[in-house]
There are 2 protein chains.
Amino acid sequence: MKTGHRVTKIDPKQKRIEVLNLSQSEVQLIPYDKLIITTGARSRRLNIPGSDSKNIFTLKDLQDGVRIKNYIDEKRPKQVAILGGGFIALEMCEAFRLRNMETFVFCRRDLPAGNLESEISERILKELQVNGTHFLTHHEPIAFKVNSHGETISFETNKAEYPVDMVLMANGVIPNVEIAKEAGVELGKAGAIRTDKTQSTNLADIYTGGDCCEVFNLISQDWVYTPLGDIANKQGRVAGENAAGGEATFSGVVGSAAFKVFELEVAFTGLGTKTALKYGFNVDSQVIEAESKVGYMPGSKRMLIKLIFDRQSGRLLGAQMAGKEGVARRINALAVAVHQKMSVDEIARLDFAYAPPFSAPFDPILIAAEQAGKKIRNQKGGILK
Amino acid sequence: MKTGHRVTKIDPKQKRIEVLNLSQSEVQLIPYDKLIITTGARSRRLNIPGSDSKNIFTLKDLQDGVRIKNYIDEKRPKQVAILGGGFIALEMCEAFRLRNMETFVFCRRDLPAGNLESEISERILKELQVNGTHFLTHHEPIAFKVNSHGETISFETNKAEYPVDMVLMANGVIPNVEIAKEAGVELGKAGAIRTDKTQSTNLADIYTGGDCCEVFNLISQDWVYTPLGDIANKQGRVAGENAAGGEATFSGVVGSAAFKVFELEVAFTGLGTKTALKYGFNVDSQVIEAESKVGYMPGSKRMLIKLIFDRQSGRLLGAQMAGKEGVARRINALAVAVHQKMSVDEIARLDFAYAPPFSAPFDPILIAAEQAGKKIRNQKGGILK
């Protein structure tokens, strides 16, 4: 591993890369037999006046985290504005509130985690509010007002101007594909490096993996951009094995993820309603609330489960859950079910481990699946079978 | 619902039951169109001298629990002997230790939960010991010594005599089949009522469900006796629906269960090594230890996972887990995998929800499955694929 070096060019014909030694400003040409492009992604930064102020941060890697922590320790900011309503934005609310900072989340949409089902997003919004976070909707950023020290002191949107001591831009990430693209590596429709199940690119002996490339979604059967740590990890192993002469494949993902907003666990797998409709599925859904364990056990909490399924076959297309206990680890059983194209009726008959400290005799997942099955049969006008 | 009544006889030819009114000692004949036998099970009691003493308890239902609690509250016993090393015995250790009672578990076998894999049982033994429970092996009960008040004061085994103030017999359950058997209802090889996927018995218009009957194990493809609350619940619904003219089926179980021993969560699904061998599978297994979440997160604990799989095909036959955090709800993903006859290689490629508060990028299940796959390939002498 070479630190302090940056690849500036890939030459696929000569099979070599151009490397800049950052300390000596020297360029070196290094030949390769096999090349793996794992250039990752970078935080998207809004390009509005003042957006390069010292106290505007993004959060992608450890360095970013250290920078944010140091700034808070030194300057003790009182008010923070978070731009964006995705996972990073939501997870950081807790960190800022723990530091007693007045926290404002500015979001273009109605609800946080806008890619999730509205029932789940509403639950997240409630959790933000209970924890003293201000969630401001339909704000279009216009500019930051900067003082003579190069620090933002206010944030102006289409609606008003807000005083801020610190800003976190959490507007998603952009894949780092520039050098690859320049070398003739093809990109997919989402702008990330196009790849296949062997993690190859269109160019001979060049592989890729991680946040710079696409991944195959097994439910939509489409190549999508889903930059997540566990996917990067798996793709990297396959790319490495194949570059070393192996024959590994990475079959794809179903789209599982989880995050935590204060005490609320949120987890999902598969497709949401909107995405499933976009891919032509005949979508229906069922929402239920259930206890995380037997009601008489201490610490039992209500959780929300939404199942998204095919209206005709009952095939489970996706599932989303939110609750304060026993949510994140429950979703994986549904991740397997989505992967295996199981129907809600098949899921309702699964044999789960039951013990009062962990679930009710009918696990929330089984209740949700049973209700979904009933809904399908009722709509078909049939009797319960 | 009639309380205070006991069914004393079933007459399948006349389609009526004989009911004893317990308060008036009257017998009544009640006709039926459809009959559902859900007579449950009762605790097995050792038949040795003194085993009917006042302070010897079993634990099957709420009444039993109330009786035990009242006895402890009134008599403040200092020493309790638990006979048996199964789930009930192990779960009750915590209850007794919380009351500061010296707790002795007398077990015929080497290890607690002797039906589980030895690695899991050893972990349970350690948890018992850390919590001040005495686990005594290879003890054959001989007699209880009873005082003039009809109370046991000591327990004699083939090895020694132990002073006791209270005894819990936790030697499993026996299905209540006597009345059914007398009426001509067939029993299966395990002594419980023989049934099928519609919860019918061999006699017309008589259904059954719950702890008095068998259940189909989808992995061994055999009818077995697995008296568990969640299975009873599902069988009861199917029996009821069919008795009411429906066409419901209960396809069977894979054998999932969970329990808690002090702070240790234990969960399992599918077949163990011994059972899988008995059913003719070409069995191999893999044990790993892994962190329940990312190591830097507070509260992460090491867990033990054992996968039992077919040596040739890699098909997962069963899984067992033990650990202090995130175990019981993790097993259900493997319950689905066992149900779907997935191979360890397929499992290793599953897309699970990853977030640092809940798991590492490679979930313990994925690590175990990957290691199992490697073991298979190494044994076949092949290279890693």
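Visitor: What makes strand 11 and strand 12 of chain A a pair?
Guide: In this predicted model, strand 11 (residues 152–157) and strand 12 of chain A share three bridges, running in the antiparallel sense. Pairing takes at least two bridges, so three bridges are enough to call them paired. One of the partnerships links A:Glu156 with A:Glu161 in strand 12 of chain A.

Visitor: Why are strand 10 and strand 12 of chain A called edge strands?
Guide: The open sheet has three strands in the order 10-11-12 in chain A, with antiparallel pairing. Strand 10 (141–146) and strand 12 (161–163) of chain A each pair on one side only. From one strand to the next, the twist averages 25°.

Visitor: How do you know that helix 7 of chain A is mostly covered?
Guide: Buried means under 20% relative accessible area, and eight of the nine residues in helix 7 (residues 331–339) of chain A are buried. Among them are A:Ile331, A:Leu334 and A:Val338.

Visitor: What do those buried residues of helix 7 of chain A pack against?
Guide: Quite a list! In chain A, it includes strand 19 (264–270), strand 21 (302–310) and helix 9 (364–379), and helix 7 (331–339) of chain B is on it too.

Visitor: Why are the two copies said to be related as by a two-fold rotation axis?
Guide: A turn of 180° and a shift of 0.0 Å along the axis lay chain B on chain A with an RMSD of 0.0 Å. The two copies are therefore related as by a two-fold rotation axis. The same surface serves both copies, as 100% of the contact residues of chain B recur in chain A.

Visitor: Which residue of chain B comes closest to the rotation axis?
Guide: That's B:Ala333, at 1.9 Å (C-alpha).

Note on methods: Residues are numbered from 1 along each chain as its sequence is written. Chains are lettered from A and ligands numbered from 1 in the order in which they are written. This is a predicted model: local features need pLDDT of at least 70, side-chain atom pairs count only at pLDDT 80 or more; totals for chains, interfaces and linings use all residues. Side-chain values use heavy atoms; hydrogens and water are left out. Helices (H or I, at least four residues) and strands (E, at least two) are DSSP runs, numbered from the N terminus. Axes are lines fitted to C-alpha atoms, for helices over the stretch in contact, and angles run from 0 to 180 degrees between N-to-C directions. Buried means under 20% relative accessible area, exposed over 50%, partly exposed in between (1.4 Å probe, protein chains only). Contact means heavy atoms within 4.5 Å. Copies are superposed by least squares on the C-alpha atoms of residues with pLDDT of at least 70 in both.
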